[in-house]
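Open the model in your viewer and keep the selection tool at hand. Each stop below says what to pick and what to look for there.

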Amino acid sequence: MGTQVFYFVATLSIICSLMVVFAKNPIHSVLYLILTFFTFTVHYVLLNAQFLAVVNFIVYMGAIMVLFLFVLMLLNLNKESEPLKSPLIKIVGLIAGCCLVVTLIGSFKAASINSPLVLQNQGLGLVENLGKELFGPFLLPFELSSLLLLTAMVGAVLLSKKDEVES
């Protein structure tokens, strides 16, 4: 049952990611990208990584993709505003696409098809174990990264603050 769900979600993930690339409308492309991230969330749940699933759901689907959607709606993209692409750009894109196909074929030939991964430790990926690691041996790097993020937030506020001109 688990492998059937995995293969179904993997197929759905591939189809949605292809629709991201081949969709003509950028709004539809972003919506397909949200669906692709949702299938990644399902993969994380199947791999018993609940924390990654929740973070992927909240951060990527909830914040970044909605931001992309709003930006695309605000830009009001249409056919008249799209610049014409030169033939050189199209040739470079074709060469890059062919290199990607060759790389994918090589990696599929190099990889052997095995049975799905069975975890030796069933507690791997749980939030409890992640918390024990973060607040145990990695407490100092965790706190230093929080100070770095706090400094970045204060810097962003100071940069966006307008100076008052005295008259």
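The tour starts with the whole chain, settles on one helix, and then moves outward.

**Whole chain**

Keep in mind that this is a predicted model. Colour by secondary structure. You should count 6 helices and 0 strands. Along the sequence the pattern reads α-α-α-α-α-α.

Now colour by accessibility. Of the 167 residues, 14% are buried. Switch on the surface: the accessible area is about 13,800 Å², and carbon and sulfur atoms hold 75% of that. How much of the contact set with a separation of 6 or more comes from residues 24 or more positions apart? The share is 58%.

**Annotated spans**

Next, select the ranges from the record. The unreviewed UniProt entry lists "transmembrane region" at residues 6–23, 30–47, 53–75, 87–108 and 138–159. Two of them can be checked against the model here.

- Residues 87–108: the chain is 100% helix and 0% strand, with end C-alpha atoms 32 Å apart.
- Residues 138–159: this span is 95% helix and 0% strand, and its end C-alpha atoms also lie 32 Å apart.

**Helix α2**

Select residues 26–46, which form helix α2. Put a distance between its end C-alpha atoms: 30 Å. The 21 residues should span 30 Å at 1.5 Å a residue, so the model agrees with expectation.

Which residues of α2 are buried? Pick I27, S29, V30, I34, T36, F37, T39, T41 and H43. Then bring up what covers them. The cover includes α1 (2–22) and α3 (50–75).

**T36**

Zoom in on T36, a residue of α2. Its relative accessible area is 4%, so T36 is buried; the cut-off is under 20%. Show its surroundings. Beyond its neighbours within four places in sequence, T36 is in contact with S13, C16, S17 and V20.

Stay on S17. Its backbone nitrogen lies 3.4 Å from a polar atom of the T36 side chain.

**The largest nonpolar core**

Select I27, V30, I34, F37, M61, M65, L69 and L72 together. These 8 residues make up the largest nonpolar core. Helices α2 and α3 each supply at least two of them.

Centre on F37, a member of this core. Setting aside residues up to four places away in sequence, F37 touches N56, Y60, M61 and M65. M61 and M65 belong to the core as well.

**T41**

Move along α2 to T41. T41 counts as buried because its relative accessibility is 9%. Again leaving aside neighbours within four places, the contacts of T41 are A53, N56, F57 and M61. N56 and M61 should look familiar, since F37 touches them too.

**The turn after α2**

Go on to N48, which follows α2. N48 sits in the loop between α2 and α3. Is N48 buried or exposed? At 18% relative accessibility, N48 counts as buried.

Check the backbone here. The phi of N48 is positive, about 65°, although N48 is not a glycine. Most residues other than glycine have a negative phi.

**Two residues on α3**

Now select V66, in helix α3. V66 is partly exposed, with a relative accessible area of 29%. Draw a C-alpha to C-alpha line to L31. The two are 35 residues apart in sequence and 9.1 Å apart in space.

Then take F68, also in α3. F68 counts as partly exposed at 40% relative accessibility. How far is F68 from I27, C-alpha to C-alpha? The distance is 9.0 Å, with their positions 41 residues apart in sequence. I27 is one of the core residues picked earlier.

**Last stop: helix α5**

Finish with residues 127–134, helix α5, and pick E128. E128 counts as exposed because its relative accessibility is 54%; exposed means over 50%. Draw a line to F51. E128 and F51 are 77 residues apart in sequence, and their C-alpha atoms are 9.4 Å apart.

Notes
Residues numbered from 1 in each chain as written. Predicted model: local features only at pLDDT ≥ 70, side-chain atom pairs only at ≥ 80, totals over all residues. Heavy atoms only, no water. Helix = DSSP H or I, 4+ residues; strand = E, 2+ residues; numbered from the N terminus. Buried < 20%, exposed > 50% of the residue type's maximum accessible area, 1.4 Å probe, protein only. Polar contact = N/O pair within 3.5 Å; in protein donor to acceptor, adjacent residues only side chain to side chain. Contact = heavy atoms within 4.5 Å. Expected span 1.5 Å × (residues − 1). UniProt positions renumbered as here; feature names shortened; annotations may be inferred. Core = buried A, V, L, I, M, F, W, Y, C linked by side-chain atoms within 4.5 Å. Areas by Shrake-Rupley, 256 points an atom, 1.4 Å probe, with all protein chains shown as cover.
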